[in-house]
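Trainee: I would be grateful for a close look at one part of this structure, namely the packing of the helices in the second chain. Please set that part in its context as well.

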Amino acid sequence: MAPPKNRRPGFSKRAQYSIFASYLLGILGAVVGLLLLLISIFDPHGFSVLRTIGAEATAPVSKTLSEVGGATGNAGENISAYFNAASKNAEMKRELKKSRIEILEARALKQENERLKRLLDLDKEIPEAIGMARLISSTSSSSRRMATLGLGTTDGILIGQPVRAPEGLVGRVLEAGPTTARILLVSDGQNVTPVKRASDELPAFATGRGDGTVDIRPINLGTNPFKGGDLMITSGSGGLYGPGIPVAVVIRKTETGAIARILANSARVSHVIVQPMFQAETVAAIKQEKIDEAETETQGGE
Amino acid sequence: MAKPYRSRINRQPSQFRIKFIPSITVILASMITALPLITDYPILPPMGLLVLLSWRLIRPGYWPVWAGFPLGMVDDMFSGQPFGSAAFLWSLVFIALETLDRRGVGRDYWQDWLIASLSIIFVLICGMLIIDFQSNLLRLEILVPQILLSILLYPFVTRFVGAIDNWRVAA
């Protein structure tokens, strides 16, 4: 490339000034950008209107394309499934036999659970789902983990509502526009989910790591009882997520806790369900939750 | 149907194309996050930035120094980064590139690629640190695939932008 023309202004004062002015504007742009950045760091919802406009403007394209993309999205996985098919088959048969027994046990437990709930008069719950839709796009070029959902305030979506898939918790609604909503995924670094270990209700916090895993930190510091394969479910404390939604499975222990893989991989789930906030349940349920929480904490303190 | 008669010499290229095509392509590239690509970690190259750098390096002097600011603001609407992050970082890149251009030395293609690569690395790493400095400083390795992909994609984007540029100035 040849050096650009009009670079050296010579003795023309006017040319020199105009170069100086354009520099000044450039620096001004950087400074204003920094100010905007500081504002949006201290008030994350300040510019949500602009982002909502952006999401709404591109939503028709995203929605149409996500319908097409669903069919081809798993091609690689389908092909790789052919390798080691025989050994996988045997393994799956073993697992199936084991899980059949577990299903029978679970069914009995479910019946008992329902009976107890009826006894406690807890069954008057609000509808389980506000809406079901696809994730239509995500912030795949940014380190923040957010996804856009094809539902908005016109469908009854409100900020803060939990979003889940059959596999587990996906995230919560961060910003809602008329027909789209931004979901803060569990794997986002700013998303802290109160969880507990499914086996013994050990309370912990799950903080996103931005790469499909979460950091699990026990509430009681100093102890690190986690081991690989531990299932973490939402504890229901905080009142945002209902208790018992699967979140992640521990894959590795660290010095302060553990690293766990998120069960509902947002890249894999096809449809997600938006649920009402857990807080909005009946007073009885909240009371019950508080009792549960207290019990959980005393158990965790052992 | 016969084409309406056009002079074969002394044609003027469309002023609209000359003036607006670069900005439009950058904005469209920023909007690429609207595609239904759902990923668990950052992998998609920052297409807006790649197209912007291509234009900036193919046609030095086309953008004024402050152009990074408005285009970065548009990118912030779609990228999911905190608002103002691209406006700030792209402005810094533009100031740096302008200073580089002032040296008045001709650059070749490889140097352009190197400059673009450094700019991409700078913007991506700073973009991640802006979100959460303390905890993200320890896991910058998440960005490695995205950085590599972006650097390898840059020559193709430049080719494409070059083709658009030929069409832009053609009469």
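Mentor: Among contacts in chain B between residues at least 6 apart in sequence, 70% join residues at least 24 apart. The model is a predicted one, and every value below is computed from it. Chain B holds seven helices and zero strands, so its order from the N terminus reads α-α-α-α-α-α-α under the assignment of helices and strands as DSSP runs. Along its principal axes, the C-alpha trace of chain B spans about 65 × 40 × 25 Å. Of its 171 residues, 44% count as buried.

Helix α5(B) takes part in two helix pairs described here, one with α7(B) and one with α2(B). Two packed helices are described by the angle between their axes and the distance between the axes. For α5 (residues 109–131) and α7 (residues 144–169) of chain B, the axes come within 10 Å and cross at roughly 150°. Angles over 145 degrees count as roughly antiparallel, and α5(B) and α7(B) are therefore roughly antiparallel to each other. The crossing of α5(B) past α7(B) is right-handed. From α5(B), the contact draws on Trp113(B), Ala116(B), Ser117(B), Ile120(B), Ile121(B) and Leu124(B). From α7(B) come Gln146(B), Ile147(B), Ser150(B), Ile151(B), Tyr154(B) and Pro155(B). By class, the residues of this contact comprise nine nonpolar, three polar and no charged.

The other pair brings in helix α2 (residues 47–58) of chain B, whose axis comes within 11 Å of that of α5(B), with a crossing at roughly 145°. Here too the crossing is right-handed, with α2(B) passing α5(B). On the α2(B) side, the residues are Leu49(B), Leu53(B) and Leu57(B). They meet Asp112(B), Ile115(B), Ala116(B), Ser119(B), Ile120(B) and Val123(B) in α5(B). The classes in this contact are seven nonpolar, one polar and one charged. Ala116(B) and Ile120(B) of α5(B) thus appear in the contact with α7(B) and also in the contact with α2(B).

Helix α5(B) also has a part in the contact between the chains. That contact takes 55 residues from chain B and 53 residues from chain A. On the side of chain B that touches chain A, α3 (68–79), α4 (85–102), α5 and α6 (133–136) each supply at least two residues. The most comes from α4(B), with 10 residues. This side of chain B divides into 31 nonpolar, 16 polar and eight charged residues.

Chain A, across that contact, contains a closed barrel of six strands, which runs β6-β7-β8-β11-β10-β9 with antiparallel pairing. The twist from one strand to the next averages 40°. Within the barrel, β7 (residues 203–208) and β8 (residues 213–218) of chain A run antiparallel and are joined by five bridges. In one of these pairings, Ala206(A) has Ile216(A) in β8(A) as its bridge partner. The loop between β6 (192–197) and β7 of chain A holds Glu201(A). Glu201(A) is not a glycine, yet its phi is positive, at about 60°. Most residues other than glycine have a negative phi. Glu201(A) is partly exposed, with 16 other C-beta atoms within 10 Å.

Note on methods. Residues are numbered from 1 along each chain as its sequence is written. Chains are lettered from A and ligands numbered from 1 in the order in which they are written. This is a predicted model: local features need pLDDT of at least 70, side-chain atom pairs count only at pLDDT 80 or more; totals for chains, interfaces and linings use all residues. Axes are lines fitted to C-alpha atoms, for helices over the stretch in contact, and angles run from 0 to 180 degrees between N-to-C directions. Helices (H or I, at least four residues) and strands (E, at least two) are DSSP runs, numbered from the N terminus. Angles under 35 degrees count as roughly parallel, over 145 as roughly antiparallel, 65 to 115 as roughly perpendicular and the rest as oblique. A crossing is left-handed if the near helix is turned anticlockwise from the far one by less than a right angle, and right-handed if clockwise. Two residues are in contact if their C-beta atoms, placed from the backbone, lie within 7 Å. Ala, Val, Leu, Ile, Met, Phe, Trp, Tyr, Cys and Pro count as nonpolar, Asp, Glu, Lys and Arg as charged, and the others, Gly among them, as polar. Two strands pair if DSSP finds at least two bridges between them. A residue is buried if 20 or more other C-beta atoms lie within 10 Å of its own, exposed if 12 or fewer, and partly exposed in between; C-beta atoms are placed from the backbone.
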